[in-house]
Amino acid sequence: MRAVQISALDGPAGAKIVELDEPAAGDDVVIEVHAAGVAFPDVLQSRGLYQYKPALPFVPGGEAAGVVRSAPAGAHVAAGDRVAVLTMLNGAMAQVISAPADQVFTLPDTVSFEAGAGLLFNDLTVLFALAERGRLASGATVLVHGAAGGIGTSTLRLAGPLGASRVIAVVSTPEKAEVARAAGATDTVLVDGFKDAVRELTDGRGVDIVLDPVGGDRFTDSLRCLAPGGRLLVVGFTGGAIPTVKVNRLLLNNVDVVGVGWGAWVMSHPGYLAQQWAQLEPLLASGAVAPPQPHVFALEQAAEAIEALENRTAKGKVVVRLRD
């Protein structure tokens with residue numbers, strides 16, 4: 001089979017197309033992969049900068065979508081089923097993969113393989129962030145940074161169906177504002193001067209939730225955007241710098257800074273993935289939540305796909321197509 005492989009920690013350019021043996025079935029579900037998602041951990045792993053460091057060489061990618069080739073007896077999926085699958089941190093960018101049955105999810109017919117490959121990491125992270133950690137209430141106003149990226153567009157797609165009445169997208173360019181509006185933003189603001197723009201949009205009240213996958217120097221102004229009792233959800237640091245917070249700021253408006261570690265929560269809460277999918281799948285199947293509209297790269301462009309996240313040119317979720 002063909003696969004993407006990283007054999008040296010040279011960054012995204014080190015991702016090469018190779019021929020590898022297909023995995024044996026064993027006790028896992030075997031999937032013929034049509035598309036695989038690309039996430040920021042793939043960028044960090046390609047440079048040896050992520051907290052989890054797989055041994056070289058390794059196949060990147062933590063999520064995929066395709067068709068079940070075989071499944072163990074008693075599994076909830078069977079040969080021929082369309083599925084999305086989590087490999088969690090690597091291994092997904094190959095034409096055939098295997099995964100435990102509890103990491104395989106039946107994909108609604110309304111969701112393409114490319115969209116299916118791009119929804120698990122982001123949608124389940126955002127669902128955890130908003131519903132579990134952010135305590136999203138009906139009628140809330142949500143602000144999201146990096147709104148044209150994978151986590152950002154997922155937030156824009158999910159926040160409204162989960163109860164938010166207003167979702168404000170922070171973007172770096174007018175072109176990315178168009179992407180955000182297409183994904184469901186009710187308002188868009190440019191990152192330069194976003195604090196004042198948000199205050200004006202909310203008549204000085206501020207927002208109930210800030211979802212921040214970027215970090216960096218916008219963190220303090222994000223705190224200043226919060227309404228009394230608001231929550232700033234820390235999802236990641238694609239901006240590079242890890243910010244610090246002066247805790248006296250939390251006292252001023254009774255606001256919270258909340259960590260969102262979806263992967264760690266999943267690992268320590270057996271059955272949580274199934275619980276999340278039971279909540280998300282009907283929303284996708286009914287059309288209440290639109291599937292993502294990913295930026296799809298050919299297999300031969302895998303290095304470019306990973307690089308698009310590193311240089312922050314990606315618009316929406318990035319996906320690599322493994323087969324036609």
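This note sets out points on the fold, the helix packing and the local backbone geometry of a predicted model.

1. Annotated region. The unreviewed UniProt entry lists residues 7-320 under "domain: Enoyl reductase (ER)". Over this range, helix accounts for 31% of the chain and strand for 24%. The C-alpha atoms at the two ends of the range lie 19 Å apart.

2. The parallel sheet. Six strands make up an open sheet with parallel pairing, and their order is S10-S9-S8-S11-S12-S13. Strand S10 (187-190) and strand S13 (256-259) are the edges, each pairing on one side only. On average, neighbouring strands of this sheet are turned by 20° against each other, direction ignored. Within the sheet, strand S8 (residues 141-144) and strand S9 (residues 166-171) run parallel and are joined by four bridges. Val144 has Ala169 of S9 as its bridge partner.

3. Helices on the parallel sheet. Helix H4 (residues 150-159) packs on the sheet, where it touches S8, S9 and strand S11 (207-212). The direction of H4 makes about 165° with that of S8. Helix H6 (residues 194-201) also packs on the sheet. The strands touched by H6 are S8, S9, S10, S11 and strand S12 (226-234), and the direction of H6 makes about 150° with that of S10.

4. Packing of H4 with H5. Besides its contacts with the sheet, H4 packs with helix H5 (residues 174-183) at an angle of about 35°, the axes being 8 Å apart. From H4, Thr153, Leu156 and Arg157 take part, and they meet Val179, Ala180 and Ala183 of H5. By class, four residues of this contact are nonpolar, one is polar and one is charged.

5. Packing of H3 with H10. Helix H3 (residues 120-133) packs with helix H10 (residues 272-286) at an angle of about 90°, and their axes are 11 Å apart. The two helices are therefore roughly perpendicular to each other. On the H3 side the contact comprises Leu120, Asp123, Leu124, Leu127, Phe128 and Glu132; on the H10 side it comprises Tyr272, Leu273, Gln276, Trp277, Gln279 and Leu280. The contact of H3 with H10 counts eight nonpolar, two polar and two charged residues.

6. Burial of H3. Helix H3 is mostly covered, with eleven of its 14 residues buried. Among the buried residues are Leu120, Asp123, Leu124, Leu127 and Phe128, which also belong to the contact with H10. Phe121, Asn122, Thr125, Val126, Ala129 and Leu130 of H3 are buried as well.

7. Strand S3 and its partners. Strand S3 (residues 29-38) is mostly covered: nine of its ten residues are buried. S3 pairs in the antiparallel sense with strand S6 (residues 96-99) over four bridges, and Ile31 has Ile97 as its bridge partner there. With strand S4 (residues 63-70), S3 forms six bridges, again in the antiparallel sense; here Ala35 is partnered by Ala65. Strand S15 (residues 318-321) runs antiparallel to S3 and is joined to S3 by four bridges, with Ala36 opposite Val320.

8. A cis peptide bond. Most residues other than glycine have a negative phi, and most peptide bonds are trans. In this model, the peptide bond from Leu56 to Pro57 is cis, with omega near -10°. Pro57 is located in the loop between helix H1 (40-46) and S4, the strand that pairs with S3.

9. Positive phi at Arg135 and Asn254. Arg135 is not a glycine, yet it has a positive phi of about 50°. Arg135 comes just after H3, in the loop between H3 and S8. Arg135 counts as partly exposed because its relative accessibility is 47%. Asn254, likewise not a glycine, has a positive phi of about 55° and lies in the loop between H8 and S13. With a relative accessibility of 60%, Asn254 counts as exposed.

10. Leu252 in helix H8. Is Leu252 buried or exposed? At 67% relative accessibility, Leu252 counts as exposed. Leu252 belongs to helix H8 (residues 248-253). The C-alpha atom of Leu252 is separated by 9.9 Å from that of Arg224, and the two residues are 28 residues apart along the chain.

Terms used: Residues are numbered from 1 along each chain as its sequence is written. This is a predicted model: local features need pLDDT of at least 70, side-chain atom pairs count only at pLDDT 80 or more; totals for chains, interfaces and linings use all residues. Side-chain values use heavy atoms; hydrogens and water are left out. Axes are lines fitted to C-alpha atoms, for helices over the stretch in contact, and angles run from 0 to 180 degrees between N-to-C directions. Angles under 35 degrees count as roughly parallel, over 145 as roughly antiparallel, 65 to 115 as roughly perpendicular and the rest as oblique. Contact means heavy atoms within 4.5 Å. Ala, Val, Leu, Ile, Met, Phe, Trp, Tyr, Cys and Pro count as nonpolar, Asp, Glu, Lys and Arg as charged, and the others, Gly among them, as polar. Two strands pair if DSSP finds at least two bridges between them. UniProt positions are given in the numbering used here, feature names are shortened, and annotations may be inferred rather than shown by experiment. Buried means under 20% relative accessible area, exposed over 50%, partly exposed in between (1.4 Å probe, protein chains only).
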